[in-house]
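Q: I'm new to this one and keep tripping over the vocabulary. Could you walk me through what the labels rest on?

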Number of protein chains: 2
Amino acid sequence: MSQESVPFDVFTAMCPSREVLEHVTSRWGVLTLAALSSEPARFGELRRRVDGISEKMLSQTLKALEGDGLVDRRVHSTLPPHVEYVLTPAGQQVAEAVQALIVSLYGVMPDVMRVRDGV
Amino acid sequence: MSQESVPFDVFTAMCPSREVLEHVTSRWGVLTLAALSSEPARFGELRRRVDGISEKMLSQTLKALEGDGLVDRRVHSTLPPHVEYVLTPAGQQVAEAVQALIVSLYGVMPDVMRVRDGV
DNA sequence: CTGTATCCGTAGGGATACTG
DNA sequence: CAGTATCCCTACGGATACAG
């Protein structure tokens, strides 16, 4: 698990990793990845897990993550259609990091609120 | 390091942790936090580290992170003015998680590019 | 159920000029 | 050096209606 040098640098504007970073850290990307890390889910279930997301944005977010190879879309052509979204192995790696980030925020929330309230 | 239950839930639209999450995962928030995690920096130095950021957005991002208690702004009232931005202990926790997220993306980039290119 | 299509407002963000 | 102030634009994202 050494931190070897990689041919990518997110600090450089033109690096392709920037685009993936923006998908992952987009408003709904973070929450969608985290919502999928517990277990796969269908469209409707995801909408319920990620409170406040619209159909449009969920659809758009899933497409972006799928295009990044982080999410797998599994279609069962039945009637009514049954579609399930699953994290790819790559997606699981990223989702775990996202989860850790969220947890780190929780740990910090009390401080945040103290600062906000000037206590 | 147990994952105990906390009174925050980022999946709920009204949870105050959402706002902090959005600051941290904003387009420039991620990069600014990561840029500060190596070592404190001044305004101009940050601009150089985070390739592509505008003065306006750097200023705005730093203010948000400062308001969240993640960044400390240290002013030395000299001429010319000398201002240094430092991560708070809380900010270091979050910045580490952000760093880990970025590294996880690097590990995934080859897959991403394979998917994109359809190889 | 699982989405797409359309309309539309807002605010995120870039460029530039200016100040202490 | 370290920002603020403006102008301005577009693209993110919400609401609604419709489709397979």
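A: Sure, starting with a term we'll need right away: a polar contact is a pair of N or O atoms within 3.5 Å; within protein, one must be able to donate a hydrogen and the other to accept it, and residues adjacent in sequence count only if both atoms are side-chain atoms. Take R27(B): an N or O atom in the side chain of R27(B) is 3.4 Å from a phosphate oxygen of DNA strand C. That value is within 3.5 Å, so the pair counts as a polar contact.

Q: What kind of model is this, and how are things numbered?
A: This is a predicted model, where local features need pLDDT of at least 70 and side-chain atom pairs count only at pLDDT 80 or more, while totals for chains, interfaces and linings use all residues. Residues are numbered from 1 along each chain as its sequence is written, chains are lettered from A and ligands numbered from 1 in the order in which they are written, and side-chain values use heavy atoms, with hydrogens and water left out.

Q: Which atoms of Y85(A) and G44(A) lie by a phosphate oxygen of DNA strand C?
A: For Y85(A), an N or O atom of the side chain is 2.6 Å from a phosphate oxygen. For G44(A), a backbone N or O atom lies 3.2 Å from a phosphate oxygen. Both values fall within 3.5 Å, so both pairs are polar contacts.

Q: What makes a residue "near" a strand?
A: One of its heavy atoms has to lie within 4 Å of the strand. DNA strand C has 19 residues around it, and R42(A), K63(A), R73(A), Y85(A) and K56(B) come nearest. On the DNA side, 51% of the strand C atoms within 4 Å of the protein belong to sugar or phosphate, and the rest to bases.

Q: How many residues surround DNA strand D?
A: There are 18, the closest being K56(A), R42(B), S59(B), R73(B) and Y85(B). Sugar or phosphate makes up 58% of the strand D atoms within 4 Å of the protein.

Q: What are the distances from R42(B), K63(B) and R73(B) to a phosphate oxygen of DNA strand D?
A: A polar side-chain atom lies 2.5 Å away for R42(B), 2.8 Å for K63(B) and 2.3 Å for R73(B). The elements giving two or more residues to this surface are helix 4 of chain A together with helix 3 (43-49), helix 4 and strand 3 (82-87) of chain B. Helix 4 of chain B gives the most, with 4 residues.

Q: Why is something called a helix or a strand here?
A: Because it is a DSSP run: H or I over at least four residues for a helix, E over at least two for a strand, numbered from the N terminus. Chain A has 5 helices and 3 strands, in the order α-α-β-α-α-β-β-α from the N terminus on.

Q: What is listed for residues 15-113 of chain A?
A: UniProt lists "domain: HTH hxlR-type" there, from an unreviewed entry; such annotations may be inferred rather than shown by experiment. The span is 64% helix and 14% strand.

Q: How many residues of each chain take part in the contact between chain B and chain A?
A: Chain B gives 52 and chain A gives 52, where contact means heavy atoms within 4.5 Å. The two chains bury about 4200 Å² between them, 73% of it on carbon and sulfur atoms. Buried area is the accessible area (1.4 Å probe) that two parts lose on being put together, summed over both. F11(B), L101(B) and Y106(B) supply 16% of the area that chain B buries, more than any other three residues.

Q: How do you know that D68(A) forms a salt bridge with R116(B)?
A: The term needs a side-chain nitrogen of Lys or Arg within 4 Å of a carboxyl oxygen of Asp or Glu. Their closest N and O atoms are 2.3 Å apart, so the pair qualifies. The count between the chains is 6 salt bridges. Helix 5 (89-117) is one of the elements of chain B on this side, and helix 5 gives the most, with 20 residues.

Q: Which peptide bond is cis in chain A, and which in chain B?
A: In chain A, the bond from L79(A) to P80(A), with omega near 0°; in chain B, the bond from L79(B) to P80(B), again with omega near 0°. P80(A) sits in the loop between strand 2 (71-76) and strand 3 of chain A.
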